[in-house]
Amino acid sequence: MKQLPALALVALLTALLTACANPALRQAEDLGRTNQWPAALRVLDDALAKDPTDAQLRAAQVRAREQATARLILQIEALRGAGRWDEASALLSQLALADAKHPRLAALSVDIERGRRHEAQLATGRAALKEGRIERADAVAREILAESPQHPGARLLASQVAQARPLEAAVGELGPAFQKPVTLEFRDAPLRQVFEALARSSGVNFVFDKDVRADARVTVFLRGVTMDEAMRVILGTQQLDRKLLNETSVLVFPNTAAKQREHQELVTRTLYLTNADVKQVQAMVRTIAKVRDIHIDERLNLLVVRDTPEVLRLVEKLIASVDLPEPEVMLEVEVMELATDQVDALGLQWPEAVQYGLPGAVGQVLLSQRDQFRASIANPAVIANIRGTAGNSNILANPKIRVRSRDKAKVHIGQKLPVFTTTTNFTGSTSVAASVSYLDIGLKLDVEPTIQLDNDVVIKVGLEVSNLIRQVTGPGGTTAYEIGTRNTSTVLRLADGETQVLAGLINDEDRKSAVGIPGLSRIPVLGRLFGTQTDTRNKTEVVLLITPRVVRNLAVPDASLTRLASGTDASPGAFSSLLRRDARVGVAPSSDASATPRAATPMPSEATVKLDVTAQASAGGAVSVSLKSDSPLSIKGELEYDPARLQLAQNQPGATPGRVPLELLPRGERVIVFRALPGAGVTQINVSSLSANGLNGETASVRMEGSGLISVEAAR
């Protein structure tokens with residue numbers, strides 16, 4: 001009853017303190033319960049501005065700011081992952097108001113702006129891939145992956161580009177003029193005459209270095225090849241190289257080391273590695289790509305490479321194929337030590353000594369007192385031993401270890417026993433120095449997993465179990481220990497989730513001892529009346545259960561990304577000089593002056609032109625119109641469009657509003673790009689006034705295939 005006034009006083013003081021507390025604290029607490037931390041922070045900021053010395057308000061403000069910023073960052077990350085950039089930017093502004101010095105504020109700002117820019121670039125790359133501009137799409141994918149190596153959209157675009165472009169058809173950033181089909185038939189002709197013919201047929205300008213031989217002659221027969229393929233074949237056979245000046249201009253120069261240094265454009269690229277070791281990547285790049293200049297920074301795990309764009313493209317693809325996260329596995333281990341011990345002692349314990357002398361005498365006793373001698377034994381004279389002990393022990397260790405492939409993991413469960421070592425110095429005055437070292441006993445488990453591509457795990461297992469048997473005292477009072485050990489090592493191959501049991505590490509000790517009257521205590525059965533027999537049996541067994549669970553395996557890239565065009569030995573990363581499968585080529589010696597007559601090819605009675613347009617486009621977007629002929633005839637015509645809905649993206653020779661003159665070379669293709677003007681609706685592309693003519697004046701009818709309907713979406 002005496003405690004009631006004290007409890008009442010405490011309750012009264014608590015109520016008074018609560019009543020005296022700032023009401024903003026209660027309001028902020030109520031808002032925090034409903035996860036309205038930004039509002040709670042504003043309430044506390046206003047209250048603290050009125051009373052800056054209130055410690056409770058300041059502490060509550062710090063807690064509210066931490067909760068508000070953590071919640072805002074979580075929401076920003078979710079919106080960023082969903083690509084909702086405007087909403088993420090709005091929350092980022094709230095984060096800046098809540099904590100202008102937050103350490104993640106600058107990084108999140110950069111990530112949001114970069115993500116918005118990557119989304120626009122990805123849309124451009126996908127449109128370029130759809131229009132057949134593979135190199136443009138590849139450049140967009142490489143630019144995004146250089147900043148975000150794990151960007152899923154860019155990785156998908158790079159994979160689509162690699163699948164759309166076979167190795168033997170890799171080309172550089174060329175304009176449409178380089179894709180025009182050409183036919184060359186020259187025998188022992190001057191080199192510049194061949195290039196004049198190429199310039200007239202394709203509209204490409206050629207500029208020659210002053211060291212290009214003017215008397216060089218070439219014999220070449222090429223049919224159904226593109227301008228780019230023809231140029232690469234001729235340059236490759238004449239020890240020449242080229243440099244693209246723009247989409248319609250090429251510089252031709254001798255392919256020598258001095259001219260390469262003079263004309264080749266070099267690019268410096270900084271490549272950040274996420275998983276691969278920078279030194280190993282440096283060795284690989286130097287061996288395979290033969291880069292000119294390379295520098296590494298181990299602190300940032302980056303490479304700085306300086307070489308031609310072709311070599312850098314090869315380096316980027318090589319790094320993308322090796323910079324992959326390492327596999328990891330979770331090892332679930334159970335180690336049990338099952339121990340049983342049993343001790344049985346049965347019999348009579350007789351005295352170990354019988355005395356005969358003078359009771360209570362100390363020191364010497366006179367023989368004259370022998371009549372006072374008495375015989376004596378210990379009391380009690382006989383002790384009956386009936387004792388039995390039994391025990392069971394189960395020591396269980398159940399660790400879970402997450403380890404990378406080919407790395408070692410260790411588990412040690414036990415204790416350290418101190419071992420003292422003394423050193424005596426007898427020079428001058430004798431001195432003794434003691435040092436202590438520790439001996440590990442208990443359970444030691446070493447594992448080294450290797451994860452296979454089929455999710456099997458190869459594990460090297462080393463197990464050692466040690467225990468203390470007894471303590472030994474050495475010279476000078478030093479202490480040592482007798483240790484019993486059991487160990488095993490093996491290599492296992494287990495499937496993901498498979499459990500393997502390792503057992504049989506058994507220590508079985510069976511010992512019998514007898515203490516009693518010599519001779520009589522050894523008599524079977526009756527011997528227990530003249531002594532005590534002790535039976536001791538100890539048995540221990542170690543059982544190991546191990547289960548691997550693969551957390552992450554190696555993400556092997558697509559086969560299209562692991563097969564790379566590497567150029568030639570003299571020019572790593574250079575574009576291939578192989579021709580398309582449908583191209584035909586013939587080469588004759590330059591000294592052969594005779595011409596082989598060619599068989600006449602029958603002209604078809606009808607030519608077919610395939611029309612392909614971008615079926616759907618947004619206002620301001622690009623609309624691609626492709627016309628392709630598989631006929632050996634030259635085709636002329638006129639393209640008609642609605643100038644109120646479409647606008648030419650580039651100037652076309654002879655074009656007037658609504659009309660563009662057309663001319664398709666034999667088996668040629670032409671692409672015209674328009675811009676969709678604002679305003680939703682459907683428009684039509686028509687081709688009229690078509691005519692087909694052969695080299696000898698042959699004529700044929702022309703048939704159109706494909707639809708020219710285009711749907712233009714309204715601007716959002």
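**Helix H5, salt bridges and a surface patch in a predicted model**

In this predicted model, the residues of helix H5 that are buried are Trp85, Ala88, Leu91, Leu92, Leu95 and Ala98. Because these residues cover an arc of only 125 degrees around the axis, they are placed on the same side of H5, whereas Asp86 and Leu97, on the other side of the helix, are exposed. The helix itself comprises residues 85-98, 14 residues in number, and from its first C-alpha to its last it reaches 20 Å, close to the 20 Å expected at 1.5 Å a residue.

The count of salt bridges comes to 29, and three of the pairs are described here. The side chains of Glu316 and Arg269 meet with an N to O distance of 2.4 Å, and this pair links distant parts of the chain, since Glu316 belongs to helix H13 (residues 309-322) and Arg269 to strand E6 (residues 267-272), 47 residues apart. Glu316 counts as buried because its relative accessibility is 12%, under the 20% limit, while Arg269, at 21%, counts as partly exposed. Through salt bridges that share partners, Asp138, Arg142, Arg269, Arg313 and Glu316 are joined into one network.

A salt bridge is also formed by the side chains of Arg242 and Asp228, with 2.7 Å from N to O; here too distant parts of the chain are linked, with Arg242 in strand E4 (residues 240-246) and Asp228 in helix H10 (residues 227-237), 14 residues apart. Arg242 is buried, with a relative accessible area of 14%, and Asp228 is likewise counted as buried, at 1% relative accessibility. In the salt bridge between Asp211 and Lys210, the closest N and O atoms are 3.4 Å apart; Asp211 is partly exposed, with a relative accessible area of 39%, and Lys210, at 71% relative accessibility, counts as exposed.

Helix H11 (residues 257-263) contains Gln260, a residue that is buried, with a relative accessible area of 9%. When residues up to four places away in sequence are not counted, Gln260 touches Asp241, Phe253 and Asn255. Between Gln260 and Lys243, which are 17 residues apart in sequence, the distance in space is 9.9 Å, C-alpha to C-alpha.

On the surface, a nonpolar patch is formed by Phe420, Val436 and Tyr438, which together have about 320 Å² of accessible area. Of these residues, Val436 lies in strand E15 (residues 431-451) and, at 40% relative accessibility, counts as partly exposed.

How values were computed: Residues are numbered from 1 along each chain as its sequence is written. This is a predicted model: local features need pLDDT of at least 70, side-chain atom pairs count only at pLDDT 80 or more; totals for chains, interfaces and linings use all residues. Side-chain values use heavy atoms; hydrogens and water are left out. Helices (H or I, at least four residues) and strands (E, at least two) are DSSP runs, numbered from the N terminus. The expected span of a helix is 1.5 Å times one less than its number of residues. Buried means under 20% relative accessible area, exposed over 50%, partly exposed in between (1.4 Å probe, protein chains only). The arc is that of the directions from the helix axis to the C-beta atoms. Patches are made of residues with over 30% relative accessible area and no salt bridge: like charges are joined within 9 Å, nonpolar side chains (Val, Leu, Ile, Met, Phe, Trp, Tyr) within 5 Å. Accessible areas come from the Shrake-Rupley method with a 1.4 Å probe; for residues, only the protein chains shown count as cover. A salt bridge is a side-chain nitrogen of Lys or Arg within 4 Å of a carboxyl oxygen of Asp or Glu. Contact means heavy atoms within 4.5 Å.
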